[in-house]
Amino acid sequence: VQQLLSAYLKAATQDMARLELALRCSDVEQLASAAHGLKSSSFNVGANRFAEILRDIEAGGRAGNLTDVTLHVEPLMVEWERVRLAVKQMLAENPA
Amino acid sequence: MNQPICRVLVADDDPTVALLMPVALDPGEFSVVVVDNGLDALAEFKRTPCDIVLLDVEMPGMDGFAVCAAIRQSRGHDFPVVLVSGHRDPESIARAEQLNASYIAKPVNWQLISAQLKALLAQSRPAARP
C-alpha cells in the first residue's frame with residue numbers, strides 16, 4: 001500500500017503541474033490528457049471525488065470548452081490539497 | 001492437473017496499474033509483465049511469448065490502438081488483446097471492435113479483473129483452457 005501511495009503521489013504531483021501549466025496556456029488538449037491520466041490513478045487509490053472532478057475537466061477539455069473547465073478548477077484544487085495531505089499523512093504514519 | 005500459468009503483457013503508463021495488476025492477478029495463475037508505453041509493449045510482445053495483452057489506449061509513444069493494429073498484423077485477427085480505457089465514447093469502442101479487441105472500461109474493477117481475463121481466454125481458446 002505504501003508503495004502504491006508513494007507512486008501515486010509522485011505521478012499525481014507531476015500531472016497536476018502539467019494540468020496547471022495547460023490551464024495557464026489555455027491548452028485544452030494537454031489539459032484533457034493530464035486530467036485523463038490522473039483520473040485513472042486517482043480512482044485506483046480511492047480518491048473518487050478528485051477523480052470525478054478530473055473526469056469533468058477532461059470532458060470540458062475534450063469539448064474545447066474552457067469556460068466549463070474553469071468552473072471545476074477551484075473544487076479541483078481544494079480536493080487535490082485534501083488528497084495530497086491525506087496521502088502524505090498515511091505515508092508518514094506507516095513508513096515503509 | 002494444474003492449469004498452465006497464463007502469461008499477461010500489460011501496457012499502461014499509470015504507475016498504480018503497474019503495482020496493482022500483478023497483485024490482482026494471482027501469481028499462481030498469471031505471470032504478469034508490465035511496460036509503461038506503447039513502443040515497449042510492441043517490443044516486449046515480439047520478444048517474449050504471452051497469452052493475452054492488455055493495452056491502455058492513451059499512452060506515450062504509440063497508443064493502444066496502434067499497438068493492437070501492429071499485433072494484428074504480426075499475429076493475426078484472433079490473438080487475445082484487451083483495450084483498457086477510460087474513454088467510453090462510441091468511437092473508441094467501435095475502433096476496438098474493428099480491431100477485434102475486447103474492451104474493459106476504467107476504472108478497473110480489481111476484484112473482477114482476474115475472472116474477466118479467464119473468461120476472455122476461455123472464449124479465445126476453448127479447447128486449451130476449459
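**Exercise 1. Count the salt bridges between chain A and chain B, then identify the residues involved.**

Step 1. Start with the tally: chain A and chain B share one salt bridge. Keep in mind that this is a predicted model.

Step 2. Put names on it. Arg62(A) pairs with Glu58(B), and their closest N and O atoms sit 2.9 Å apart. That passes the cut-off, since a salt bridge asks for a Lys or Arg side-chain nitrogen within 4 Å of an Asp or Glu carboxyl oxygen.

Step 3. Recall the background. Side chains of opposite charge can pair when their charged atoms come close.

Step 4. Add the polar contacts: five residue pairs between chain A and chain B qualify, both partners being at pLDDT 80 or more.

**Exercise 2. Work out which elements of chain A make up the side that touches chain B, and describe that side by residue class.**

Step 1. List the elements giving two or more residues: helix H1 (2–24), helix H2 (28–44) and helix H3 (48–62) of chain A.

Step 2. Rank them. H2(A) has the largest share, with seven residues.

Step 3. Sort by class: this side of chain A has six nonpolar, six polar and four charged residues.

Step 4. Check the contact tally. On chain A 16 residues are in contact, and on chain B 13.

Step 5. Turn to area. About 1,100 Å² is buried between the two chains, with 63% of it from carbon and sulfur atoms. On the chain A side, Leu4(A), His36(A) and Asn44(A) lose the most area to chain B, together 44% of what that side buries.

**Exercise 3. Find how many salt bridges the whole structure holds, and explain what the one between Lys39(A) and Glu58(A) ties together.**

Step 1. Search everything: over all chains there are 11 salt bridges.

Step 2. Zoom in on one of them. Lys39(A) bridges to Glu58(A), with 2.9 Å between the closest N and O atoms.

Step 3. Place the partners. Lys39(A) is in helix H2 of chain A and Glu58(A) is in helix H3 of chain A, so this pair ties together parts 19 residues apart in sequence.

**Exercise 4. Characterise the two cavities of 30 Å³ or more.**

Step 1. Why go looking with a probe? Rolling one the size of a water molecule over the atoms shows where empty space is left.

Step 2. Take the largest cavity, at about 60 Å³. Its lining includes Lys39(A), Phe43(A) and Asn44(A) from chain A, along with Asp14(B), Lys106(B), Pro107(B) and Trp110(B) from chain B. H2(A) gives the largest share of that lining, four residues. By class, the split is five nonpolar, three polar and three charged.

Step 3. Take the second largest cavity, about 40 Å³. Among its lining residues are Val10(B), Met21(B), Leu54(B), Asp56(B) and Lys106(B). Strand E1 (6–11), helix H1 (15–24) and strand E3 (52–56) of chain B each supply at least two lining residues, and E3(B) gives the most, three. The classes come out as seven nonpolar, no polar and three charged.

Step 4. Cross-check the linings. Lys106(B) and Val17(B) line the largest cavity, and both also appear in the lining of the second largest cavity.

**Exercise 5. Describe the largest pocket.**

Step 1. Get the volume: about 360 Å³.

Step 2. Look at the middle. Of the 21 lining residues, those closest to the centre are Asp15(A), Arg18(A), Gly37(A), Asp13(B) and Asp14(B).

Step 3. Assign elements: H1 and H2 of chain A each supply at least two of the lining residues.

Step 4. Do the class count, which gives six nonpolar, six polar and nine charged residues.

**Exercise 6. Track down the backbone features at Pro107(B) and Ser26(A).**

Step 1. For Pro107(B), check omega: at about 5° the peptide bond from Lys106(B) is cis. Pro107(B) belongs to the loop between strand E5 (102–105) and helix H5 (113–124) of chain B. Pro107(B) and Lys106(B) also turned up in the lining of the largest cavity.

Step 2. For Ser26(A), check phi: the angle is near 55°, a positive value in a residue other than glycine. Ser26(A) falls in the loop between H1 and H2 of chain A.

Notes: Residues are numbered from 1 along each chain as its sequence is written. Chains are lettered from A and ligands numbered from 1 in the order in which they are written. This is a predicted model: local features need pLDDT of at least 70, side-chain atom pairs count only at pLDDT 80 or more; totals for chains, interfaces and linings use all residues. Side-chain values use heavy atoms; hydrogens and water are left out. Contact means heavy atoms within 4.5 Å. Buried area is the accessible area (1.4 Å probe) that two parts lose on being put together, summed over both. A polar contact is a pair of N or O atoms within 3.5 Å; within protein, one must be able to donate a hydrogen and the other to accept it, and residues adjacent in sequence count only if both atoms are side-chain atoms. Ala, Val, Leu, Ile, Met, Phe, Trp, Tyr, Cys and Pro count as nonpolar, Asp, Glu, Lys and Arg as charged, and the others, Gly among them, as polar. On a 1 Å grid over the protein atoms alone, a cavity is a set of points where a 1.4 Å probe fits but cannot get out, and a pocket is an open set with protein on both sides within 12 Å along at least five of seven lines; lining residues have an atom within 4 Å of a point. Grid points are joined across faces, edges and corners, and a volume is the space filled by probe spheres set on the points.
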